[in-house]
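Me: Could you walk me through this model, one bit at a time?

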Amino acid sequence: MSIYFDHAATTPISDSALTALTNQAKKLGNASSLHSAGRSVRKDLEAAREEIAKAIDCVPSEVIFTATGTEANNLAVKGLYWKAIKEGKNLIITSTFEHHAVMDPILWLAEHEGAKIIEIDVDKSGMVDLDRLKQVVIDNKGKIAFISIMHSNNEVGTLQDIAQIVKIAGDIPVHSDCVQSFGKVELSFKELGLTAATISAHKIGGPLGVAALILKRGLDIEPILHGGGQERDIRSGTFNAPSILAFAAAATESASQFKERSVVVRKLKQSLVEVVKKNVSDAWVNGDQANSLPGIVSITFPKSDSEGLLLLLDSEGIACSTGSACSAGVQRPSHVLLAMGLSEDETTSTLRFSLSHSNTIAEIEKLGAVIASVVERSRAASGKK
């Protein structure tokens with residue numbers, strides 16, 4: 001039996017998304033063409049744009065399609081910075097907690113474009129220090145290009161108070177990586193007051209290779225791709241209509257069912273935590289689970305080795321993660337867990353289990369049956385004291 005506890009990395013494509021993908025793939029036509037075949041595809045694409053806009057509560061013209069969440073984050077970070085630098089604003093405010101798809105382009109701007117960075121610390125539960133953020137905004141009035149703080153963390157699931165962050169920012173643009181939270185919790189682009197937000201299809205039952213930057217209406221940023229002028233001349237490139245239609249189907253399904261699914265997934269997560277603690281008494285959960293995504297739980301198994309744990313569980317037919325899938329194979333401590341105060345040894349003794357409504361209690365019981373042995377074997381091999 002294969003058990004999949006790695007839904008934060010990617011989810012299986014849903015039936016509705018797969019149907020939309022295959023049906024659209026059979027249609028001939030480029031959405032940018034003026035002939036009837038092209039116009040037909042364009043009509044389908046704009047209907048999909050409206051569905052996605054409805055799912056995140058924004059205006060359809062605010063949906064900018066990209067290939068990946070990483071691309072959308074890069075477009076937001078670089079595009080907002082290049083727009084702001086024309087006004088002499090070169091300071092970027094972010095947190096110590098961001099996904100590498102936000103952190104790395106910010107660091108690139110610092111190295112290559114002269115950007116200045118201030119990182120706001122988080123507490124042991126992963127919450128951004130809002131008092132510190134407020135003081136930084138006050139102290140640097142007129143210098144800040146933008147603020148980027150993720151809506152929910154991909155490793156521990158912590159949910160930030162984005163509405164309060166936007167309030168503190170005032171007229172400063174605010175971008176938020178919402179890839180993990182979109183379709184899983186209440187998320188309104190309009191009500192949060194964001195300037196930009198990133199979402200992705202494959203985290204919600206859509207296909208790989210399609211995502212979107214939600215960009216406030218009337219705001220033009222500098223593009224990172226130049227060519228055909230699609231997507232408000234902000235993201236050029238031929239539309240991937242089949243994947244976009246599948247993205248819309250997944251977004252509509254998740255938006256209509258997230259409340260019911262959330263109840264199921266939270267119960268599954270609670271059961272998983274209880275099973276693990278029952279069998280490994282010194283294991284602990286990272287972050288504040290009351291203020292987190294329904295399906296993500298980060299658990300530290302002290303004196304073990306996370307990669308060893310992962311491989312041993314895999315041999316038992318159980319898939320999970322050592323952290324972000326985007327950093328898989330990279331031998332370095334989790335910057336997220338370090339920011340929360342864990343030691344390097346503790347970060348490399350930690351696994352992320354991420355659940356969905358498709359998981360079952362029986363699967364969690366299977367984990368409970370093997371976890372003690374897996375941890376014992378990992379500890380014996382790790383050499384950690």
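Here come a few questions with worked replies.

This is a predicted model, where local features need pLDDT of at least 70, side-chain atom pairs count only at pLDDT 80 or more, and totals for chains, interfaces and linings use all residues. Residues are numbered from 1 along each chain as its sequence is written, and side-chain values use heavy atoms, with hydrogens and water left out.

Me: On which side or sides of H1 do the buried residues sit?
Reply: Helices (H or I, at least four residues) and strands (E, at least two) are DSSP runs, numbered from the N terminus. In H1, residues 15-25, the buried ones (under 20% relative accessible area, 1.4 Å probe, protein chains only; exposed is over 50%, partly exposed in between) are Ala17, Ala20 and Gln24. They cover an arc of only 65° around the axis (taken from the directions from the helix axis to the C-beta atoms), so they are on the same side of H1.

Me: Which strands are the edge strands of the open sheet?
Reply: Two strands pair if DSSP finds at least two bridges between them. The sheet has 7 strands with mixed pairing, in the order S2-S8-S7-S6-S5-S3-S4. Pairing on one side only marks the edge strands, S2 (63-66) and S4 (116-120).

Me: Which helix gives the largest share of the largest nonpolar core?
Reply: Such a core is a set of buried Ala, Val, Leu, Ile, Met, Phe, Trp, Tyr and Cys residues joined through side-chain atoms within 4.5 Å. This one has 61 residues, and Ile93, Leu133 and Phe247 are among those touching the most other members. The largest share, 9 residues, comes from H8.
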